[in-house]
Amino acid sequence: MNRQALSVGFVAKRCGIKVSTLHFYESKGLIQSWRNAGNQRRYRSDVLRRVSVIKAAQALGISLAEIKQALASLPQQRTPTKADWEALSTQWQDALNQRIKQLEVLRDSLSACIGCGCLSMQHCPLYNPEDQLATQGSGPIILQQNSALS
């Protein structure tokens, strides 16, 4: 294997993703390739780690925009080292903890709302008599309030 000229098929297979995913990551500026003399796309070997970092971050619920921003913060947009990964994952911990809290609130509140059987927040005597919550804004006001308090 030439360390500096990996084919798109090889990278896709090695990373466990589709070729179209590599093209998508490239279109979003997350990875880079070049064209050889035969106009075939080629990747440097460090793209394997970069794609692995992207996949790991996505599995944590990190958006591609957040991943791109984090990768762009690395000097010369290098592929993350172990120390870089530790720093990036530390940055994401607060956001992940907040998401976990919001999901716990949603999980704990969801059955109570559906459990009343009315399925109408406008007429629910428990949570929203006479649609009083409409004055506070739109959307899931109770869930938003509960997750903000957590």
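**Exercise 1. Determine how many helices and strands the protein has, and in which pattern they follow one another.**

Solution. The assignment rests on DSSP runs, in which helices are H or I runs of at least four residues and strands are E runs of at least two, numbered from the N terminus. On that basis the protein has six helices and three strands, and reading along the sequence gives the pattern β-α-α-β-β-α-α-α-α. The model is a predicted one, in which local features need pLDDT of at least 70 and side-chain atom pairs count only at pLDDT 80 or more, whereas totals for chains, interfaces and linings use all residues. Residues are numbered from 1 along each chain as its sequence is written, and side-chain values use heavy atoms, with hydrogens and water left out.

**Exercise 2. Work out the strand order of the sheet and state which strands stand at its edges.**

Solution. Two strands are taken to pair if DSSP finds at least two bridges between them. The three strands form an open sheet in the order β1-β3-β2, with antiparallel pairing. β1 and β2 (34-35) stand at the edges with a single partner strand each, so one side of each is left without a neighbour in the sheet. Between β1 and β3 the antiparallel pairing runs over two bridges, and Ser7 stands opposite Arg42 in β3. In the loop between β2 and β3 lies Asn39, a residue other than glycine whose phi is nonetheless positive, near 65°.

**Exercise 3. For helix α1, find which residues are buried, and explain why they line one face.**

Solution. Buried means under 20% relative accessible area and exposed over 50%, with partly exposed in between (1.4 Å probe, protein chains only). In α1 (residues 8-15), the buried residues are Val8, Val11, Ala12 and Cys15. Seen down the helix axis they fall within an arc of 100°, so they line one face of α1; the arc is that of the directions from the helix axis to the C-beta atoms. An α-helix has 3.6 residues a turn, so residues three or four places apart point the same way. The face turned away from the buried side carries the exposed residues Lys13 and Arg14. With contact defined as heavy atoms within 4.5 Å, the cover over the buried residues of α1 includes β1 (6-7), α2 (19-27), β3 (41-43) and α3 (47-59). Just after α1, Gly16 takes a positive phi of about 75°.

**Exercise 4. Carry out the corresponding analysis for α4, and list the contacts of Leu64.**

Solution. In α4, Ile67, Ala70 and Leu71 are buried. These residues cover an arc of only 95° around the axis, which puts them on the same side of α4, while Ala65 and Gln69 are exposed on the other side. Leu64 is also placed in helix α4, and, leaving aside neighbours within four places in sequence, Leu64 is in contact with Phe24, Tyr25, Leu30, Ile54 and Gln58. The C-alpha atoms of Leu64 and Gly29, which are 35 residues apart along the chain, are separated by 9.9 Å.

**Exercise 5. Describe the largest nonpolar core and identify which helix supplies its largest share.**

Solution. A nonpolar core is a set of buried Ala, Val, Leu, Ile, Met, Phe, Trp, Tyr and Cys residues joined through side-chain atoms within 4.5 Å. The largest such core has 25 residues, and those with the most contacts inside it are Val11, Leu22, Ile31, Tyr43 and Val51. At least two residues of this core come from each of α1, α2, α3, α4 (64-72) and α5, and the largest share, six residues, comes from α3. Not counting residues up to four places away in sequence, Val51 touches Cys15, Ile17, Leu22, Tyr25 and Ile31.

**Exercise 6. Classify the aromatic pair formed by Trp85 and Trp92, and state how far each residue is accessible.**

Solution. Rings of Phe, Tyr and Trp (its six-membered ring) pair if their centres lie within 6.5 Å, and planes under 30 degrees apart count as stacked, over 60 as edge-to-face and the rest as tilted. This rule gives a count of one aromatic pair. Trp85 and Trp92 form it in an edge-to-face arrangement, at 6.0 Å centre to centre and 70° between the planes. Trp85 has 27% relative accessibility and therefore counts as partly exposed, whereas Trp92, at 6%, counts as buried.
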